[in-house]
Amino acid sequence: SEHQRMQEEVQRLRTELQLAVETKATALARAESAEQRLALGEDRGTRARQGLLELLQHADALKRGLAAAGETLSAEAESCSQASAANAASLTGSPAAAASQPM
């Protein structure tokens, strides 16, 4: 009968509506989860960038320290070389070396 067909149609529409509501809830939950994962990924990315910047700063400081140490070693090597030459000259009795040596 017509009444029964209408009841069946109402039941079918209710079922479709319930399925649509469940699908929407699932989609919302997935979207929220994706947003949380994205925020977590962005936070990790920010921390990684900060860590890299710190490493670059340390590397730059190390590079400057090594350059300064290299300059110091070079100056010390030159000083040692001059002292060695003066010592060698004084041992061989070089007049120029002897004149530069304190009495």
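**One long run, H1, and its charged pairs**

Me: In which helix is Gln18 found?
Reply: This is a predicted model, in which local features need pLDDT of at least 70 and side-chain atom pairs count only at pLDDT 80 or more, while totals for chains, interfaces and linings use all residues. Residues are numbered from 1 along each chain as its sequence is written, and side-chain values use heavy atoms, with hydrogens and water left out. Helices (H or I, at least four residues) and strands (E, at least two) are DSSP runs numbered from the N terminus, and the protein chain has two helices and zero strands. Of these helices, the one that spans residues 2–92 and holds Gln18 is H1.

Me: Is Gln18 buried, partly exposed or exposed?
Reply: Relative accessible area decides this, with buried meaning under 20%, exposed over 50% and partly exposed in between (1.4 Å probe, protein chains only). Because its relative accessibility is 43%, Gln18 counts as partly exposed.

Me: How far apart in space are Gln18 and Gly70?
Reply: In sequence, Gln18 and Gly70 are separated by 52 residues. In space, taken from C-alpha to C-alpha, the separation between Gln18 and Gly70 is 77 Å.

Me: How many Å does H1 reach from its first C-alpha to its last?
Reply: The expected span of a helix is 1.5 Å times one less than its number of residues, which for the 91 residues of H1 gives 135 Å. H1 is followed by Gly93, whose phi is positive, near 80 degrees. Close to the expected value, the reach of H1 from first to last C-alpha is 131 Å.

Me: What radius of gyration does the protein chain have?
Reply: The globule rule, 2.2 Å times the number of residues to the power 0.38, applies to a radius taken over C-alpha atoms, and for a compact globule of 103 residues the radius would be near 13 Å. The C-alpha atoms here instead fill a box of roughly 135 × 15 × 10 Å along the principal axes, and buried residues make up 2% of the 103 residues. The radius of gyration of the protein chain is 42 Å.

Me: Which residue forms a salt bridge with Arg5?
Reply: Side chains of opposite charge can pair when their charged atoms come close. A salt bridge is a side-chain nitrogen of Lys or Arg within 4 Å of a carboxyl oxygen of Asp or Glu, and a search of the whole structure finds five. Arg5 is exposed at 53% relative accessible area, and its partner, at 45%, counts as partly exposed. That partner is three residues away in helix H1, so about one helical turn separates the two, and with the closest N and O atoms 2.8 Å apart it is Glu2.

Me: What is the N to O distance in the salt bridge of Arg47 and Asp43?
Reply: Both residues lie in helix H1, four residues apart, about one turn of the helix. Arg47, at 47% relative accessibility, counts as partly exposed, as does Asp43 at 38%. The distance from N to O in the salt bridge of Arg47 and Asp43 is 3.2 Å.

Me: Which residues do salt bridges that share partners join into one network?
Reply: The side chains of Arg12 and Glu16 meet in a salt bridge at 2.3 Å, N to O, and these two residues are four apart in helix H1, so they are separated by about one helical turn. Arg12 is partly exposed at 37% relative accessible area, and Glu16 is partly exposed at 42%. Salt bridges with shared partners make one network of Glu9, Arg12 and Glu16.
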